[in-house]
Amino acid sequence: LLGTGTTGNEKRILQLATLSSTIESTVSSYDDAFDQFPEMIQNALDSITQKFFECDSAGVAYQPKLTIEVSEESREISVLDNGVGVPENHFHKVFEPNVSVKQLLGLKDQRGHKGAAVVYLQFDHSKFEFQVKTSEYCRKGTLLDGQVWRRKLRESLATDSAPPEPQYSESTDIHPTLSSYESGALVCVKLVDDDACDLFDGIFSTSEDRKSTRLNSSHVKRS
């Protein structure tokens with residue numbers, strides 16, 4: 001397809017069209033209001049499992065921790081773990097479509113190697129945030145309005161106009177609980193309005209619960 005007679009601009013357009021097609025087909029495969037939870041939790045459990053076996057082999061004590069936070073006010077869902085984290089040289093690959101976090105961790109025997117979950121979380125939400133801490137570094141990467149960027153990319157290809165720039169930023173300002181861990185990661189997504197209504201209607205059964213819910217590996221706490 002990208003032969004010797006293809007110009008640089010044509011190659012770029014083909015690459016963007018392939019990217020757009022990949023994102024659209026991936027996102028369209030998720031059609032349940034609760035899809036965020038299994039995808040975010042599965043990655044955290046895989047990371048914790050690897051940390052457990054590493055510590056067990058080394059004879060080091062390890063207490064797995066997994067915290068899930070849901071806030072209707074901010075329309076955000078976050079999953080925090082004290083697993084192995086992601087190596088610094090692989091951090092930016094998390095933001096590349098079709099790159100699996102499990103592959104970055106070397107989890108060859110785990111399910112879901114195509115990076116579909118990350119694509120869905122990044123480009124079907126108003127915000128995708130990925131925080132990591134290891135013994136080498138700590139970092140937070142934030143992609144804003146991934147869903148809007150996805151639509152604008154589609155439109156730019158249809159109108160032969162310049163593609164939009166993703167709203168991406170980085171900092172070392174990580175969650176205080178993650179900062180207290182030896183290693184781990186936090187994934188946070190912000191839902192778009194319609195999706196948030198469907199999700200929170202399903203989570204909260206009474207009006208008293210419609211504030212925020214916090215779940216972790218040992219108990220459920222509402223505040």
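# Exercises on a predicted model

Aspartate 145 is partly exposed, with a relative accessible area of 30%. The exercises below concern this residue and others in the same structure, which is a predicted model.

**Exercise 1.** State where aspartate 145 lies, and what is notable about its phi.

Solution.
- Step 1: Place the residue. Aspartate 145 is in the loop between E4 and H5.
- Step 2: Read the backbone angle. Phi of aspartate 145 is positive, about 55°, although the residue is not a glycine.
- Step 3: Look at aspartate 160, where phi is near 55°, again a positive value in a residue other than glycine. Aspartate 160 sits in the loop between H5 and strand E5 (167–171).
- Step 4: Classify aspartate 160. Its relative accessibility is 63%, and exposed means over 50%, so aspartate 160 counts as exposed.

**Exercise 2.** Find the partner of lysine 51 in a salt bridge, and decide whether each of the two residues is buried or exposed.

Solution.
- Step 1: The partner is glutamate 182, with the closest N and O atoms 3.3 Å apart.
- Step 2: Lysine 51 belongs to helix H2 (residues 36–58), and glutamate 182 to the loop between helix H6 (176–180) and strand E6 (184–190); the pair therefore ties together parts that are 131 residues apart in sequence.
- Step 3: Lysine 51 has a relative accessible area of 7% and is buried. Glutamate 182, at 60%, is exposed.

**Exercise 3.** Describe the salt bridge between glutamate 88 and arginine 139.

Solution.
- Step 1: The closest N and O atoms of glutamate 88 and arginine 139 are 2.8 Å apart.
- Step 2: Glutamate 88 is in the loop between strand E2 (76–81) and helix H3 (101–105), while arginine 139 is in strand E4 (residues 138–144), so the bridge ties together parts that are 51 residues apart in sequence.
- Step 3: Glutamate 88 is partly exposed at 33%. Arginine 139 has 15% relative accessibility; the cut-off for buried is under 20%, so arginine 139 counts as buried.

**Exercise 4.** Which residues are linked with Asp124 in a network of salt bridges?

Solution.
- Step 1: Start from one pair. The side chains of aspartate 124 and arginine 150 form a salt bridge of 3.3 Å, N to O.
- Step 2: Aspartate 124 lies in the loop between helix H4 (116–123) and strand E3 (127–133), and arginine 150 in helix H5 (residues 146–159), so parts that are 26 residues apart in sequence are tied together.
- Step 3: Aspartate 124 and arginine 150 are both buried.
- Step 4: Extend the pair. The network links Asp124 with Glu24, Arg150 and Arg154. In total the structure holds nine salt bridges.

**Exercise 5.** Describe the largest nonpolar core and the contacts of phenylalanine 128.

Solution.
- Step 1: The largest nonpolar core has 36 residues, and Phe128 and Phe130 have the most contacts inside it.
- Step 2: Elements giving two or more residues to this core include helix H1 (8–28), strand E1 (66–71), E3 and H5. H4 gives the most, with six residues.
- Step 3: Leaving aside neighbours within four places in sequence, phenylalanine 128 is in contact with residues including Val94, Phe95, Leu121, Leu143 and Val189.
- Step 4: Set this in context. In soluble globular proteins, nonpolar side chains tend to be buried together.

**Exercise 6.** Summarise the whole chain: how many helices and strands has it, and what share of its residues count as buried?

Solution.
- Step 1: The chain has seven helices and eight strands.
- Step 2: Of its 223 residues, 43% count as buried.
- Step 3: The chain exposes about 12200 Å², of which carbon and sulfur atoms supply 49%.

Key. Residues are numbered from 1 along each chain as its sequence is written. This is a predicted model: local features need pLDDT of at least 70, side-chain atom pairs count only at pLDDT 80 or more; totals for chains, interfaces and linings use all residues. Side-chain values use heavy atoms; hydrogens and water are left out. A salt bridge is a side-chain nitrogen of Lys or Arg within 4 Å of a carboxyl oxygen of Asp or Glu. Helices (H or I, at least four residues) and strands (E, at least two) are DSSP runs, numbered from the N terminus. Buried means under 20% relative accessible area, exposed over 50%, partly exposed in between (1.4 Å probe, protein chains only). Accessible areas come from the Shrake-Rupley method with a 1.4 Å probe; for residues, only the protein chains shown count as cover. A nonpolar core is a set of buried Ala, Val, Leu, Ile, Met, Phe, Trp, Tyr and Cys residues joined through side-chain atoms within 4.5 Å. Contact means heavy atoms within 4.5 Å.
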